[in-house]
Amino acid sequence: MNTAIPRLLTRIAVMALTWLALSLQAQAAGNKDFGDYRVHWSVLPSTFLAPEVARANDLRRSKGIGIINISIMKENEDGTLSPVSGQVEGKATNDVQQVRFLAFRRVQEGDAVYFIAEYQYSPGELMTFNITARPTGVQQDMPVRFSHTLFSD
């Protein structure tokens, strides 16, 4: 019996699943405009962080822990964007409506300012994030809502 065909089909299936997982991970970032301001977000498994980066930012590297990163950018007169400080709060809700409140910490590295939080997830669990950002000195909240599914590596 020829076993080359089943092996080829298995390889194709593995490549398709790998491509699907990578494309889902690539969708873990986005942004939303609010006039002169833009809120950027990214979500990733904590195991994607290098150990030294996790230690430097007091983050746990573990399967089942996700990292959400939010930055607030202001558009300059020349069209470039500059990071600004502010306040970020939010929550993550899974598909059975269990809520996880996010404890964001402000991080500043040189001119870069961002807000990070950890949350627990189960592999393949769809999470909906409701985030509110507010730049320093601005009274208007900037709400963003997005969904994402993480898979453990």
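**An aromatic cluster and the strands around it**

Trp41, Tyr119, Tyr121, Phe129 and Phe146 form one aromatic cluster. The model in which this cluster appears is predicted. A search through the entire structure yields four aromatic pairs. One of them joins Tyr119 and Tyr121 in a tilted arrangement, with 6.1 Å from centre to centre and 50° between the planes. Tyr119 is buried, because its relative accessible area is 4% and the term applies to values under 20%. Tyr121 is likewise buried, with a relative accessible area of 6%.

Phe129 and Phe146 form another aromatic pair, and this pair is stacked: the centres are 5.1 Å apart, and the planes make an angle of 20°. Phe129 belongs to strand β9 and Phe146 to strand β10, so the pair ties together parts that are 17 residues apart in sequence. Both Phe129 and Phe146 are buried.

The overall plan of the chain comes next. The protein contains two helices and 10 strands. Read from the N terminus, these elements follow the order α-β-β-α-β-β-β-β-β-β-β-β. Of the 153 residues in the protein, 35% are buried. The protein exposes about 9400 Å², and carbon and sulfur atoms supply 54% of that area. Among contacts with a separation of 6 or more, 57% are made by residues 24 or more positions apart.

Which strands make up the open sheet, and in what order? Four strands form it, in the order β6-β5-β9-β10, and their pairing is antiparallel. The strands at the edges are β6 and β10, each of which pairs on one side only. From one strand to the next, the twist averages 20°. As a general principle, the strands of a sheet pair through backbone hydrogen bonds, in either a parallel or an antiparallel manner. In this structure, the antiparallel strands β5 and β6 are joined by four bridges. Gly90 has Leu102 as its bridge partner in β6.

Leu102 also leads to the interior. In soluble globular proteins, nonpolar side chains tend to be buried together. The largest nonpolar core of this protein has 27 residues, and those with the most contacts inside it are Ile68, Ile70, Leu102, Phe104, Phe129 and Ile131. At least two residues of this core come from each of the strands β2 (37-45), β3 (65-75), β5 (86-94), β8 (112-120), β9 (126-135) and β10 (142-149). Phe129 therefore has two roles in this account: it is a member of the aromatic cluster, and it is listed among the core residues with the most contacts, while its pairing with Phe146 links β9 to β10.

What does Ile68 touch, when residues up to four places away in sequence are not counted? Its partners are Ser42, Val43, Leu102, Phe104, Phe115, Ile116, Ala117, Phe129, Ile131 and Phe146. Both members of the stacked aromatic pair, Phe129 and Phe146, are thus included among the residues that Ile68 touches. A second, separate core consists of seven residues, including Leu49, Ala54, Leu59 and Ile116.

Ile116 also has a partner in a loop. Ala103 is located in the loop between β6 and β7 (105-109). Is Ala103 buried or exposed? With a relative accessibility of 60%, Ala103 counts as exposed, because the term applies to values over 50%. Ala103 nevertheless touches Ile116 and Ala117, when residues up to four places away in sequence are left out. Along the chain, Ala103 and Ile116 are 13 residues apart, and their C-alpha atoms are separated by 8.0 Å.

Two further loop residues deserve attention for their backbone angles. Asp58 has a positive phi of about 55°, although it is not a glycine. Asp58 is situated in the loop between α2 (51-56) and β3, and it is exposed, with a relative accessible area of 62%. Gln97, which is also not a glycine, has a positive phi near 65°. The position of Gln97 is in the loop between β5 and β6 (99-102), and at 59% relative accessibility Gln97 counts as exposed.

Conventions. Residues numbered from 1 in each chain as written. Predicted model: local features only at pLDDT ≥ 70, side-chain atom pairs only at ≥ 80, totals over all residues. Heavy atoms only, no water. Core = buried A, V, L, I, M, F, W, Y, C linked by side-chain atoms within 4.5 Å. Buried < 20%, exposed > 50% of the residue type's maximum accessible area, 1.4 Å probe, protein only. Contact = heavy atoms within 4.5 Å. Areas by Shrake-Rupley, 256 points an atom, 1.4 Å probe, with all protein chains shown as cover. Phe/Tyr/Trp six-rings, centres within 6.5 Å; stacked < 30°, edge-to-face > 60°. Pairing = 2+ DSSP bridges. Axes fitted to C-alpha atoms, helices over the stretch in contact; angles between N-to-C directions.
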